[in-house]
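I am opening a page for a structure I have not looked at before. These are my notes, in the order I made them.

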Amino acid sequence: MRLPLFATFFMNAFAIAFAQNPLPQFEVATVKSPGPQDRIITLYNYPGGRIVISLYTFALLLHEALGVQRFQIVGAPAWIDSEHFMIEAKPPASSKLSLFTPSNREAPLVPEQRQMLLALLIDRFQLKFHRESKEGVVYLLTKGTQQPTFEPPKHPEYRMFFAGLLGGGNGTVSGGNVTTEFIASQLSRSMGGPVIDRTGLTGPFDFTLEQVYDPADEHDLVTIAQSTVRALGLKLERSRGPMEIIVIDHLDKPSAN
């Protein structure tokens, strides 16, 4: 089957980019399956750029490496959502990361760490992929008629979080140290399509929204997301636009270290 011209272009451009700018790599890295004692999903960031990841699926790993949501990944085997992995990796001493000190162990990965993680996925999982772009439904996150219900962050050095959006709680939705760009990315998971931040607001922010939904009656993630946006004093408008797609061409489960 012949690939569309635009897909061929993306594949060639991506291959050229890799050849001209090889990804930085971790010096030491282990990838293994979890044991019975491993029960908590975490990503910890340590001085010197060392990272420890527990119980992440491949889909979550790819999200950390490329910043893509699950609905943007196509052509992957089903196990990317069911198999979990434990990863510990350390950059070489010659890396700029040797001088890196995160504000706390839950601080987000910096760009060089994300590139190293992608290189690790390519090496250990034999990942091959290309990027495509397609027209589809997108959502625009904009300011509403009222002042947004944001507060200054109490702990701006902590990792961003957005809790309650996926339901299963007591109807409260809260966020800590978040930007509206991060809010948009989290809403994308619930809406099943890209949410683009057009608020013009700068963060970070904290917020707590009580009784956003009735946990006994409401289980629809789209409805919870829309209710959260309204409670924040923002708007979510349906539109159309380009969406980046990550097409998995090859992927294997990693062999034991």
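The entries below cover a sheet, a helix and a pocket.

Entry 1, the sheet. I noted to begin with that the model is predicted. I then looked up an open sheet of three strands and found the order E7-E8-E10, with antiparallel pairing. I marked strand E7 (161–163) and strand E10 (205–209) as the edges; each has a single partner strand, so one side of each is left without a neighbour in the sheet. For the turn between neighbouring strands of this sheet I wrote down 5° on average, direction ignored.

Entry 2, one pairing. I checked how E7 is joined to strand E8 (residues 173–178) and found three bridges, with the two strands running antiparallel. I followed one residue across: Phe161 has Gly176 in E8 as its bridge partner.

Entry 3, the helix. I asked myself which strands helix H4 lies across. Helix H4 (residues 180–191) lies across E7, E8 and E10, and I noted that it runs at about 45° to E7.

Entry 4, the pocket. I looked up the largest pocket and recorded a volume of about 1700 Å³. I listed 49 lining residues, with His63, Phe182, Ser185, Gln186 and Arg189 lying nearest the centre. Among the elements that give two or more residues to this lining I found helix H2 (58–66), E7, E8, H4 and strand E11 (234–250). Which element gives the largest share of the lining? I found that H4 does, with seven residues. By class, I entered 23 nonpolar, 14 polar and twelve charged residues for the lining of the largest pocket.

Terms used: Residues are numbered from 1 along each chain as its sequence is written. This is a predicted model: local features need pLDDT of at least 70, side-chain atom pairs count only at pLDDT 80 or more; totals for chains, interfaces and linings use all residues. Side-chain values use heavy atoms; hydrogens and water are left out. Two strands pair if DSSP finds at least two bridges between them. Axes are lines fitted to C-alpha atoms, for helices over the stretch in contact, and angles run from 0 to 180 degrees between N-to-C directions. Contact means heavy atoms within 4.5 Å. On a 1 Å grid over the protein atoms alone, a cavity is a set of points where a 1.4 Å probe fits but cannot get out, and a pocket is an open set with protein on both sides within 12 Å along at least five of seven lines; lining residues have an atom within 4 Å of a point. Grid points are joined across faces, edges and corners, and a volume is the space filled by probe spheres set on the points. Ala, Val, Leu, Ile, Met, Phe, Trp, Tyr, Cys and Pro count as nonpolar, Asp, Glu, Lys and Arg as charged, and the others, Gly among them, as polar.
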